[in-house]
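The following note sets out a few points for a colleague who is looking at this model. They go from the overall form to individual residues.

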Amino acid sequence: MEMTEAMLGDAMTRLRRAHGQLGGVIAMIEAGEDCRKVLTQLAAVSKALDRAGFRIVASGLRHCQAAQERGEAAPMSDEELEKLFLSLA
């Protein structure tokens, strides 16, 4: 299934934010910051990536459902969507 930025909703925004946060984590490590602060920021990056992934899967579900409602073949099977969803767990 081909993804477009419009289809992804705010997932791209979340990914860009996570990208910036990850740069901040790397800078913190290079500057010798306290490990608690680094891990707190790293946890925020991880959560942002997880949420972006779930948004992308949800978008795929909506896309497949809309195709089925139009009487078209869904671009992905339920099993493929489930596998993608579980890969984020």
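**Notes on the model**

1. Arg70 is exposed, because its relative accessible area is 51% and the cut-off for exposed is over 50%. The side chain of Arg70 meets that of Glu72 in a salt bridge, with 3.1 Å from N to O. Its partner Glu72 is partly exposed, at a relative accessible area of 43%. It should be kept in mind throughout that this is a predicted model.

2. The count of salt bridges comes to two. Besides the pair of Glu72 and Arg70, Asp34 forms a salt bridge with Arg36, where the closest N and O atoms are 3.1 Å apart. Asp34 counts as partly exposed at 32% relative accessibility, whereas Arg36, at 62%, counts as exposed.

3. Asp34 also has a role to note at the start of α3: one of its side-chain oxygens comes to within 3.1 Å of the backbone nitrogen of Arg36. Asp34 thus appears in two descriptions, as a salt-bridge partner of Arg36 and as a contact to the backbone of Arg36.

4. Helix α3 covers residues 35–69, which is 35 residues. From its first C-alpha to its last it reaches 51 Å, close to the 51 Å expected at 1.5 Å a residue. After α3 comes Gly71, with a positive phi near 85°.

5. Which residues of α3 are buried? They are Val38, Val45, Ala48, Ala52, Gly53, Val57, Ser59, Gly60, Cys64 and Ala67. For the protein chain of 89 residues, 21% count as buried.

6. A nonpolar surface patch of about 340 Å² is made by Leu22, Ile26, Leu39 and Leu42. The elements that give two or more residues to this patch are α2 (11–30) and α3. Leu22, placed in helix α2, is partly exposed, with a relative accessible area of 38%.

7. As to the overall form, the protein chain has four helices and zero strands, and from the N terminus on its elements run α-α-α-α. Its radius of gyration is 17 Å, well over the 12 Å that the globule rule gives for 89 residues, so the chain is more spread out than a compact globule. Along the principal axes, the C-alpha atoms fill a box of roughly 55 × 25 × 15 Å.

Definitions and conventions
Residues numbered from 1 in each chain as written. Predicted model: local features only at pLDDT ≥ 70, side-chain atom pairs only at ≥ 80, totals over all residues. Heavy atoms only, no water. Expected span 1.5 Å × (residues − 1). Buried < 20%, exposed > 50% of the residue type's maximum accessible area, 1.4 Å probe, protein only. Polar contact = N/O pair within 3.5 Å; in protein donor to acceptor, adjacent residues only side chain to side chain. Patch = residues over 30% accessible without salt bridge, like charges linked within 9 Å, V, L, I, M, F, W, Y side chains within 5 Å. Areas by Shrake-Rupley, 256 points an atom, 1.4 Å probe, with all protein chains shown as cover. Salt bridge = Lys/Arg side-chain N within 4 Å of Asp/Glu carboxyl O. Rg over C-alpha atoms; globule rule 2.2 N^0.38 Å.
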